[in-house]
Amino acid sequence: MTDVYSGHSQFVLLGNNRRRWFDGRTLFIITVITVPVIIFCGIYTVILKTNETLLYPQSHIEVPVQAPHRAKIYSTRLRNLDKGLLSIEDDVPKITDFKLVCYYNFPGGSGSLQPEKIDPFLCTHINVGFARVGPNGVELTQDQLRALQTVVGLKQVNGNLKVLVSVGGAGNDGGFNVMVLSHASRKVFIRSVAELVRNHSIDGVDLDWEFPNETPGRDKKQKVHFVQLLEEFRMTINKYKEKFLVTVAVAAPIVLVDNCYDVPYLNEFVDFVNVMAYDYHFYTKLTPFTGLNSPLYPSIEDKGYLSTLNINFTAFYWVSKGMAREKLVIGLPTYGHTFRLTNIHNSGLYAPARGYGKLGSGGFVDYSQVCSFLNMNQISPIFDMDAKSPYATKGTEWVAFDNEQSLSFKAEFVRDNQFGGVMVYSLNADDYLGVCKVDSNVQSRQFPLINKVKEILDRNYSIF
Ligand SMILES: *[C@@H]1O[C@H](CO)[C@@H](O)[C@H](O)[C@H]1NC(C)=O
Ligand SMILES: *[C@@H]1O[C@H](CO)[C@@H](O)[C@H](O)[C@H]1NC(C)=O
């Protein structure tokens, strides 16, 4: 007999044995036991799954927060209109509590925006910056303190205005890295902020450390230390009778969000964050090509990593990391970035560039300068309908910027997605004198860009 046959015969044997097991009685007992178990497990799974989805929504993004809300408003309105009970005015919810946080840079020369020239009703919050962190806490020069006090003076005109002192800023770490190291030095800093706030009727502090743990040096625990600073701020505030706001200016690119912040803790300890949703593209030797400063959505050319460099992606990324929508204030620029084209015949997005443009300085340009560039050369900007952002080019000059049209789209995005509001960088870079004439039929006005954002945020829902 071959092995195959022995195998076969064993199988037959087994079959015979098994057959003996399955007589009528055994089959009956097995059926009686297993069928209820299967039914029970089925019902249990269904119940459990339902509970799970109730308790743990798949992700923040998938939960349509406003859709049911709007649907409800809509259906209530229809019902009430049928009964003739409600006027249209009453029924549209007026959302007036979006934040409009405006950064104000300490004035340079006499030609720059002076603090008393700021419209007290334009913004809900003004962040005045930038102070430094020193060994004894917040450091301000005499001139800076005077400017800060003048901005605080605007509160006498608009009692609802909040003024914060912004500490840190771009280009350096502002003294944060030493201060966060120990409980003792953090305490000195927090106490100095509390004193400054109390002494000068300031409403809070905005921490603009760019960025904790960006390039980990000696302090491997910067991320943790930053959270400790925020927690200690919160504990101190809870002890004080007079409360003050603690906000943080935070980064947009995924790499920085992942490396620099423990988002759930930020969410817990800060009043809100200002997401710097700009500088997605600017000229550097490593990125020698044109690009938009603050695209709302990806443009056609954006694939892979490039498709993460836009406001929409950043905003929802922060939400997915654990930041509450209402604490996310989306930062929009009033300034633009300039480029010098390598080839004037290749002048679209991602065209080769070999330096900053001539406009403005160091690759940055204020809106009023862009405006006169357009008018002098009689050129119209090209509006990227995907990214909702304009750029303009003439000769080798190439500039990405924002205008009333692009900022309208972006402010609507913030409003319709129910984020906390808009941050604007900055008051200084808007056309604060109101010299820009985009359209000869329309009267120019001061702070046209920020005013446009304000109009959108203040506007009632008009989707019905
Ligand atoms: C606040 O005022 C007190 C009392 O006038 C003063 O001693 C202190 O130095 C002030 N602190 C700050 C940060 O302005
Ligand atoms: C906006 O972001 C969300 C979440 O990442 C994404 O699902 C959606 O497709 C994006 N919208 C556009 C137009 O890119």
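This is a short tour of a predicted model, giving selections to make in turn and what each one shows.

Residues are numbered from 1 along each chain as its sequence is written, and chains are lettered from A and ligands numbered from 1 in the order in which they are written. Because the model is predicted, local features need pLDDT of at least 70 and side-chain atom pairs count only at pLDDT 80 or more, while totals for chains, interfaces and linings use all residues; side-chain values use heavy atoms, with hydrogens and water left out.

**Confidence**

Colour the protein by pLDDT (the predictor's confidence in each residue, from 0 to 100): the mean is 85, and 79% of the residues reach 70 or more. Select residues 1-18, where pLDDT is below 50 and the stretch has one contact (heavy atoms within 4.5 Å) beyond near neighbours in sequence. Then select residues 46-95, over which pLDDT stays under 50 although the model has 33 contacts there beyond four places in sequence.

**The fold and one strand**

In cartoon view there are 14 helices and 14 strands, which are DSSP runs numbered from the N terminus (helices H or I, at least four residues; strands E, at least two). Select strand E9, residues 336-340, and within that strand Phe339. Phe339 counts as buried because its relative accessibility is 0%, the cut-off for buried being under 20% with a 1.4 Å probe and protein chains only. Adding Tyr283 to the selection shows a residue 56 positions from Phe339 in sequence, with the two C-alpha atoms 6.3 Å apart.

**The largest pocket**

A pocket is an open set of points on a 1 Å grid over the protein atoms alone, with protein on both sides within 12 Å along at least five of seven lines, and its lining residues have an atom within 4 Å of a point. The largest has a volume (the space filled by probe spheres set on the points, which are joined across faces, edges and corners) of about 1200 Å³. Of its 41 lining residues, select Tyr278, Asp279, Phe282, His337 and Phe364, the closest to its centre. Strand E1 (99-105), helix H9 (254-260) and strand E10 (364-365) each supply at least two residues of this lining.

**The second largest pocket**

Move next to the second largest pocket, which holds about 410 Å³ of space. Its lining has 21 residues, with Tyr367, Glu404, Lys437, Val438 and Asp439 nearest the centre. Helix H12 (367-377) and helix H13 (404-416) each supply at least two lining residues, and the largest share, four residues, comes from H12.

Definitions and conventions: Buried means under 20% relative accessible area, exposed over 50%, partly exposed in between (1.4 Å probe, protein chains only). On a 1 Å grid over the protein atoms alone, a cavity is a set of points where a 1.4 Å probe fits but cannot get out, and a pocket is an open set with protein on both sides within 12 Å along at least five of seven lines; lining residues have an atom within 4 Å of a point.
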